[in-house]
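Good morning, everyone, and thank you for making time for this. Please take a moment with the sequence and the structure, and then I will walk you through a few features.

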Amino acid sequence: MGLSDAELDAVRAIERAGGADDDLGAFFAGAARARPVREVRVEPFLIARHPLTVAQVRHWLPEYEDGFAVSDANTARLEDDLGDLDDLLEAMPFRLPSEAEWEYAARAGTTTLTFRGDGRPDEDQVLDDFADEERTAAAENAFGLAAMGSANEICADVWIPHFTDAPRDARPRTGDGPRVVRGGAGDLSPWQGCDEWLLLLSATRSEFQDFTAVRPVASMDAVEPARR
């Protein structure tokens with residue numbers, strides 16, 4: 001888990017090849033936020049195929065309105081100051097993923113910048129509407145998860161700007177302050193040429209600010225066996 005030396009070298013190679021929109025000095029200076037790299041043991045869990053859509057959020061919050069969405073099949077963006085996020089988490093029979101669970105899901109067994117490899121991601125990989133099943137399926141990684149990195153997805157962990165002394169058993173880090181979010185490239189689409197592609201990287205992490213998407217998870221031991 002974390003931004004490895006090999007991944008940093010891959011970003012440098014993209015920059016040398018002219019693939020960066022701007023100087024990436026700020027990215028490299030902030031790389032410590034996703035380091036040190038460490039091994040983490042992740043227990044089996046279930047995770048949603050994609051972030052909750054507007055229609056899915058309305059299953060638990062019938063009065064939910066989304067000013068960002070153009071259809072009910074769009075990713076639901078929940079604004080923290082309106083209380084929708086807290087209401088949803090209280091109403092759902094699921095939980096938020098820990099950062100370790102989210103990154104494990106995003107990597108899908110890979111150690112490259114994204115599950116697609118070390119090339120520069122492009123805006124065609126962003127997905128925030130799940131009405132088109134063919135396009136949604138094309139956005140899946142090896143675990144069958146779509147749009148990892150597209151939306152600003154919230155995790156259970158409190159924001160700490162490094163992984164020093166972080167748990168090695170995938171538990172979320174607790175404390176006061178904002179939570180961690182992962183991804184967010186779709187929230188800036190159409191891109192303005194400010195290297196928004198960096199938000200699609202599996203290891204990119206940031207501090208939750210205004211609004212977020214939710215990709216719920218459930219622990220395997222919390223799932224009731226099917227009755228025969």
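**Rings and cavities**

Let me begin with the aromatic cluster that is formed by Phe45, Tyr104 and Phe143. Please keep in mind that we are looking at a predicted model.

Across the whole structure, a search finds five aromatic pairs. In one of them, Trp60 and Phe94 meet edge-to-face, with 6.1 Å from centre to centre and 85° between the planes. Trp60 belongs to helix α3, whereas Phe94 sits in the loop between α4 and α5, so this pair ties together parts that are 34 residues apart in sequence. Trp60 is partly exposed, with a relative accessible area of 23%, and Phe94 is also partly exposed, at 37%.

Coming back to the cluster, the ring centres of Tyr104 and Phe143 are 5.5 Å apart and their planes stand at 40°, so this pair counts as tilted. Here, too, distant parts of the chain are linked, since Tyr104 is in helix α5 and Phe143 is in the loop between α6 and β3, 39 residues apart.

Now to the cavities, of which the search finds two of 30 Å³ or more. The largest has a volume of about 110 Å³, and its lining of 13 residues includes Phe115, Arg116 and Met148; that lining divides into seven nonpolar, five polar and one charged. The second largest holds about 50 Å³ of space, and its lining has six nonpolar residues, no polar ones and five charged.

Which residues line this second largest cavity? Among them are Arg38 and Phe163, and the charged end of Arg38 sits over the ring of Phe163, 4.8 Å from its centre.

Notes: Residues are numbered from 1 along each chain as its sequence is written. This is a predicted model: local features need pLDDT of at least 70, side-chain atom pairs count only at pLDDT 80 or more; totals for chains, interfaces and linings use all residues. Side-chain values use heavy atoms; hydrogens and water are left out. On a 1 Å grid over the protein atoms alone, a cavity is a set of points where a 1.4 Å probe fits but cannot get out, and a pocket is an open set with protein on both sides within 12 Å along at least five of seven lines; lining residues have an atom within 4 Å of a point. Grid points are joined across faces, edges and corners, and a volume is the space filled by probe spheres set on the points. Ala, Val, Leu, Ile, Met, Phe, Trp, Tyr, Cys and Pro count as nonpolar, Asp, Glu, Lys and Arg as charged, and the others, Gly among them, as polar. Rings of Phe, Tyr and Trp (its six-membered ring) pair if their centres lie within 6.5 Å; planes under 30 degrees apart count as stacked, over 60 as edge-to-face and the rest as tilted. Helices (H or I, at least four residues) and strands (E, at least two) are DSSP runs, numbered from the N terminus. Buried means under 20% relative accessible area, exposed over 50%, partly exposed in between (1.4 Å probe, protein chains only). A charge sits over a ring if NZ of Lys or CZ of Arg is within 6 Å of the ring centre and within 35 degrees of the ring normal.
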